[in-house]
Amino acid sequence: MPLIELTTNVKFDSEEATKAFVREFSKFCATTIGKDEKVFNVNFLYNPYLAYGGTFDPALMLNVASLFNVNAENAVVWTKAFAEFFEEKLGVPSDREQLTFFDPGAEFVGFKGTTIAESLRAAT
């Protein structure tokens, strides 16, 4: 945890270029959100049919699920950082992005055959 899902209609030239972007994006997410990259799941989806405002100009959707650190202040900081990253790396302007940040609650995240909440209770 965190779980990151990025969907965009921006296509890379090759599989290697896509993988390189995902690796860089994963590191960027860890730095921006402030958690160890080892616990991140990053899912990158290319969707040529992603339309924003009725057009297929470059656009994206980002969903970030993270435990214990989603709040209004972080959402502002993260939104700015992600917008700058996406404009630089994908050429997607911030007015063609939708970003969501949410904390699903430790009771609702499964890991290692149980929930995070149960793992935390067992550790105390």
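A salt bridge is taken here as a side-chain nitrogen of Lys or Arg within 4 Å of a carboxyl oxygen of Asp or Glu. With that in hand, a small network comes into view: Glu24, Glu88 and Lys89 are linked by salt bridges. The model in which this network appears is a predicted one, and the whole structure holds six salt bridges.

Before looking at individual pairs, it helps to have the overall layout in mind. The chain contains three helices and six strands, and these follow one another along the sequence in the pattern β-α-β-β-α-β-β-β-α. Along its principal axes, the C-alpha atoms fill a box of roughly 50 × 30 × 25 Å. Of the 124 residues, 35% count as buried. The accessible surface comes to about 7,400 Å², and carbon and sulfur atoms account for 56% of that surface. Contacts across the sequence are a clear feature of the chain: among those between residues at least 6 apart, 75% join residues at least 24 apart. As for charge, the chain carries 11 positive and 17 negative side chains, and the centres of the two sets lie 6 Å apart.

Returning to the network, Lys89 forms a salt bridge with Glu24, with the closest N and O atoms 2.8 Å apart. Lys89 belongs to helix H2 (residues 72–90) and Glu24 to helix H1 (residues 15–33), so this pair ties together parts that are 65 residues apart in sequence. Lys89 also forms a salt bridge with Glu88, and here the closest N and O atoms are 3.4 Å apart. The three members of the network can be placed by their accessibility. Lys89 is partly exposed, because its relative accessibility is 32%, and Glu24 is likewise partly exposed, with a relative accessible area of 34%. Glu88, at 62%, counts as exposed.

Another salt bridge is found in helix H3, which spans residues 116–123. There, Glu118 and Arg121 form a salt bridge whose closest N and O atoms are 2.6 Å apart. The two residues are three apart in helix H3, so about one helical turn separates them. Glu118 is partly exposed at 39% relative accessible area, and Arg121 is partly exposed at 47%. Ala117, in the same helix H3, counts as buried, because its relative accessibility is 5%. Apart from neighbours within four places in sequence, Ala117 is in contact with Ala106 and Glu107. Ala117 and Phe68 are separated by 49 residues in sequence and by 12 Å in space, C-alpha to C-alpha.

Aromatic side chains add a further layer to the picture. The whole structure holds 14 aromatic pairs. One of them joins Phe28 and Phe85, which are stacked at 4.3 Å centre to centre with 20° between the planes. Phe28 lies in helix H1 and Phe85 in helix H2, so this pair ties together parts that are 57 residues apart in sequence. Phe85 is buried, because its relative accessibility is 7%. Phe82 and Phe86 form another stacked pair, 5.9 Å centre to centre and with 25° between the planes. Both of these residues lie in helix H2, four residues apart, or about one turn of the helix. Phe82 counts as buried at 0% relative accessibility, and Phe86 is buried at 0% as well. These four phenylalanines belong to one aromatic cluster, formed by Phe12, Phe21, Phe25, Phe28, Phe44, Trp78, Phe82, Phe85, Phe86 and Phe101. Helices H1 and H2 are thus joined both by the Lys89–Glu24 salt bridge and by the Phe28–Phe85 aromatic pair.

Phe86 leads on to a charged residue in a buried setting. Leaving aside neighbours within four places in sequence, Glu97 is in contact with Phe86, and also with Tyr52, Leu60, Ala83, Glu87 and Val92. Glu97 is located in strand S4, which covers residues 97–102. Where does the nearest side chain of opposite charge to Glu97 lie? That side chain belongs to Arg96 and is 9.3 Å away; Glu97 is buried yet has no salt bridge. A salt bridge requires the nitrogen and oxygen atoms to be within 4 Å.

Note on methods: Residues numbered from 1 in each chain as written. Predicted model: local features only at pLDDT ≥ 70, side-chain atom pairs only at ≥ 80, totals over all residues. Heavy atoms only, no water. Buried < 20%, exposed > 50% of the residue type's maximum accessible area, 1.4 Å probe, protein only. Lys, Arg positive; Asp, Glu negative; His and termini not counted. Contact = heavy atoms within 4.5 Å. Areas by Shrake-Rupley, 256 points an atom, 1.4 Å probe, with all protein chains shown as cover. Charge placed at Lys NZ, Arg CZ, Asp CG, Glu CD. Phe/Tyr/Trp six-rings, centres within 6.5 Å; stacked < 30°, edge-to-face > 60°.
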